[in-house]
Amino acid sequence: MSTPYARLPGWADYGLIPLINLLVAFVVAGFVVLLVGENPFRAAVILVEGAFGRGQGIAYTLYYATTFIFTGLSVAVAVHCGLFNIGTEGQAYMGGLGVAIVCLSFDRMLPWWLTFPLAVFASAAIGALWALIPAYLQARRGSHIVITTIMFNFIAASIMVYLLVGPLKPLASQAPQTRLFLEGGRLPKLNWVIELFGGKVRSAPFNVSFLLALAMAFGMWVLVWRTRFGYEMRTYGFSPKAARYAGISETRVIVLIMMVSGAFAGMMALNPTMGDQHNVAIDFVSGAGFVGIAVALMGRSHPVGIVLAAILFGMLYQGGAELAFEMPAISRDMIVIIQGLVILFAGALEHMFRPAIEALFASFSPRAVGLAASGKDG
Amino acid sequence: MAQAAIELVGISKSFGAVRANRGIDLEVARGTIHGIVGENGAGKSTLMSILYGFYQADSGEIRVGGRPASIRTPNDAIAAGIGMVHQHFMLVDNFTVLENVILGAESDAMLKKSIARARSELERLEREYGLEVDPDAIVEELPVGLQQRVEILKALYRGAEILILDEPTGVLTPAEADHLFRILRQLKEQGKTVVLITHKLREIMAITDTVSVMRQGAMVATRETKNTTVEELAELMVGRRVLLRVEKGEASPGAAKLAVDNLTVRDSRGVTMVDRVSFEVRAGEIVGIAGIAGNGQSELIEAICGIRRAVSGTVLLDGRPIDLTGAADPGELRERGLAHVPEDRHHVGLVLAFEENENSILGYHDRERYAKGMFLDIDAIRDDAREKIEKYDIRPADCRLKTANFSGGNQQKIVLAREIEQNPGVLIVGQPTRGVDVGAIEFIHKRLIAMRDAGKAVLLVSVELNEIRSLSDRILVMFEGRIVGERGPDATEGELGLLMAGVERRETAA
């Protein structure tokens with residue numbers, strides 16, 4: 001027989017449950033803070049104020065969020081196809097190569113608004129190509145995408161190290177990075193938007209790639225829920241057998257969606273390079289690809305959720321940095337622990353409180369949770 | 001009357017807002033066979049799961065042998081002398097029969113003593129109940145009927161006085177089912193109590209002493225079997241009068257629409273599943289393929305529909321061959337007018353996580369009417385889905401609802417509506433009423449006959465002999481990958497049963 005289960009209204013499903021999970025994560029994190037002898041309430045205040053209190057903090061939060069939107073979208077879009085792309089990290093790193101090629105070639109002659117589209121294309125293309133190989137191996141040779149993408153992260157890292165200590169490095173330099181991009185390779189800041197609302201920003205790397213990230217989030221929604229290809233890929237994601245029955249090509253779906261995923265990842269490279277450091281340096285991704293997994297998980301693989309989750313993680317990064325600065329007992333590693341707790345409760349233990357909340361809703365208003373749906377007819 | 005073996009008093013159980021069992025009272029007399037019938041989702045399985053300790057009742061009392069029993073886990077149930085044979089066997093396939101029987105009942109850290117004890121105990125059970133099975137056989141090598149016997153042995157070995165069987169004949173041949181019934185009668189004579197859950201009313205009539213009917217989580221009636229009829233039970237189950245056999249006129253077959261010639265299909269291990277099969281289906285007729293599950297029917301229809309590679313042979317659709325190399329595009333076959341209602345609607349025919357309207361275009365999502373360039377035409381898709389919901393009386397009538405939230409019968413209607421409304425020339429239907437309740441079966445059967453009368457060729461594969469007999473104009477019987485006989489719709493169940501079991505007989509009737 002079918003398992004009867006209750007449905008929650010949308011606001012509880014997408015609002016209340018994540019909120020409860022988040023609160024629990026912060027409560028547990030509070031105990032950790034208590035353990036090292038600091039006041040958890042003051043820590044929370046510093047964290048939130050550091051992230052949202054002043055214009056400067058907001059700008060940094062959104063800068064980090066930009067990165068996480070790209071990597072979150074990258075992971076999420078593959079999840080809809082039933083694929084777990086752990087290679088976002090490496091695809092983003094390789095995307096940096098695209099940025100480097102375009103900026104080093106054109107920053108002397110073209111204005112930013114011409115280099116930017118070229119760099120978007122190049123980073124997306126190289127990210128997509130980097131995802132293509134594992135995708136092909138999965139689709140045609142059956143090698144598991146989780147394994148191959150992890151291995152490709154290492155290969156990407158090695159290639160980038162080779163390039164950054166060799167061909168891409170200016171001759172006289174000792175640092176493993178490209179030369180600084182000129183004006184044509186630097187993205188305009190968006191800090192003025194925050195100042196428009198009365199915030200004060202001294203200097204922060206919040207830049208136009210944030211807008212690109214939002215556009216890509218919308219693009220992902222269209223792709224997944226409004227195109228025929230999105231329909232095919234969701235069919236395959238939920239049930240490969242049904243896809244076969246419906247005449248959907250497995251190879252095509254896997255290869256294309258992994259390339260889209262790689263392209264999202266590759267575009268992440270724009271934000272820290274053209275937007276902030278104005279060069280491509282070693283290890284500039286620094287784990288953002290893996291944070292993308294958490295963002296996708298927490299955002300339920302939906303673009304709106306991903307943007308919100310990315311801002312939350314941006315807040316943890318920015319606020320966490322402030323916290324480490326204000327409270328010496330709380331080190332950088334403690335911040336990682338707090339982030340880990342958020343991932344644990346919001347992502348991995350997503351279903352922990354669900355049954356209790358469903359039961360609660362059911363006892364209040366049985367009709368609201370879909371009794372009519374699983375009722376008596378035929 | 002004999003003392004009650006089990007008494008259930010006021011059992012209620014809810015899952016969230018769904019009340020699966022509502023104040024159920026049931027009394028099963030010792031030494032009888034008690035049937036429980038009801039549609040899917042009527043709460044039979046929930047009730048038995050409560051009795052066996054899988055679920056806890058929200059309220060109510062269980063009494064075993066007159067004493068209140070607290071059954072919180074299956075172990076409690078076993079201790080109270082209750083054994084259960086599940087619909088899907090709980091056996092370790094690569095263990096021997098003996099190993100399976102002692103699993104969970106080992107008495108020592110080392111197995112030697114337990115095995116020796118089990119061996120002598122099994123011999124005794126064999127003698128007493130006619131439950132012959134080789135204790136050293138590997139379970140996966142045994143036919144299904146014998147695997148079921150192992151399940152029964154497991155329960156008896158644990159000292160069960162009360163045996164619950166959940167849909168025990170679903171996977172059995174008629175002969176195996178008869179043997180099972182003989183065993184059950186023997187158990188009854190030895191004073192054991194049997195509770196039989198099924199939706200096959202004829203079995204109830206054949207073997208039970210008492211029968212209880214459930215509907216929508218409530219126990220609506222209990223009857224002495226000898227004082228009731230199949231018609232009365234069906235009416236009690238559904239809550240209204242049901243036609244058990246659809247009316248249909250004479251077939252007037254036309255030209256061959258689908259011609260299968262010498263088709264051979266192997267499975268992934270290289271075992272021949274379909275062996276040189278030839279037949280044709282003409283316009284305006286229903287050809288039924290009868291057979292016990294696993295005799296190549298699934299592979300046959302998958303090969304015809306281009307989902308599975310065939311080794312050799314040809315299939316002609318309207319005189320033109322179908323690509324059997326496994327590279328066929330099912331989408332192209334749909335274009336050519338071949339529609340397919342797959343046997344497994346949960347994993348193949350539907351995507352349960354999709355909204356209803358999304359499933360109503362599965363396989364046809366490339367059609368122009370559902371698309372605007374590379375985009376889906378959401379409005380057109382939903383309008384189309386609403387139309388089908390109306391026409392096929394799919395309930396609840398909500399095309400935005402997740403497909404998983406529809407009942408089995410309504411899910412099947414979603415698939416049928418999708419395939420039939422594309423107006424195909426050939427319709428291939430696998431197990432159209434598996435897990436579908438009586439009311440919807442009637443509707444589905446009428447639809448299939450309407451297809452036939454509209455001049456379509458219908459190929460029906462079903463393990464339900466009744467369904468095959470009442471719908472088909474010609475019946476082909478498959479056994480071990482081959483078609484072992486063709487009969488008319490008036491063939492008796494016994495005759496078909498023998499063919500299905502692979503008993504060779506002289507061809508007398510064609």
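**An open sheet and a shared core**

Guide: In this predicted model, strands β12-β11-β14-β15 of chain B, in that order, form an open sheet of 4 strands with antiparallel pairing.

Visitor: Why are β12 and β15 of chain B said to stand at the edges?

Guide: Each has a single partner strand. One side of β12 (272–282) and one side of β15 (320–321) are therefore left without a neighbour in the sheet.

Visitor: How do you know that β11(B) and β12(B) pair?

Guide: Pairing takes at least two bridges. Here 7 bridges join β11(B) to β12(B), and the strands run antiparallel. One of the links is R266(B), whose bridge partner in β12(B) is T272(B).

Visitor: What makes the connection between β11(B) and β12(B) a hairpin, and which residue in the turn has a positive phi?

Guide: The two strands run antiparallel, with 5 residues between them. G270(B) in the turn has a positive phi of about 90°.

Visitor: What makes β11 and β14 of chain B a pair?

Guide: The cut-off is again at least two bridges. Strand β11 (residues 256–266) has 5 bridges to strand β14 (residues 312–317), so the two count as paired. They run antiparallel. A259(B) stands opposite L316(B), and L258(B) has L317(B) as its bridge partner.

Visitor: Why is chain B called as compact as a globular protein of its length?

Guide: Set the value against the rule. The globule rule gives 24 Å for 510 residues, and the radius of gyration of chain B is 25 Å, close to that, so the description holds. The C-alpha trace spans about 70 × 50 × 45 Å along its principal axes. The chain holds 17 helices and 22 strands.

Visitor: How much of chain B is buried?

Guide: Buried residues make up 48% of the 510. To count as buried, a residue needs 20 or more other C-beta atoms within 10 Å of its own.

Visitor: What share of the chain B contacts with a separation of 6 or more joins residues 24 or more positions apart?

Guide: That share is 67%.

Visitor: Which residues have the most contacts inside the largest nonpolar core?

Guide: They are M267(A), F313(A), L460(B) and V477(B), in a core of 261 residues. Helix α3 (residues 55–79) of chain A gives the most to this core, with 15 residues.

Visitor: What is F313(A) in contact with, beyond its neighbours within four places in sequence?

Guide: Its partners are Y64(A), F68(A), V291(A), A294(A) and V295(A). In each of these contacts the C-beta atoms lie within 7 Å.

Key
Residues numbered from 1 in each chain as written. Chains lettered and ligands numbered in written order. Predicted model: local features only at pLDDT ≥ 70, side-chain atom pairs only at ≥ 80, totals over all residues. Core = buried A, V, L, I, M, F, W, Y, C linked by C-beta atoms within 7 Å. Buried ≥ 20, exposed ≤ 12 C-beta atoms within 10 Å, placed from the backbone. Contact = placed C-beta atoms within 7 Å. Rg over C-alpha atoms; globule rule 2.2 N^0.38 Å.
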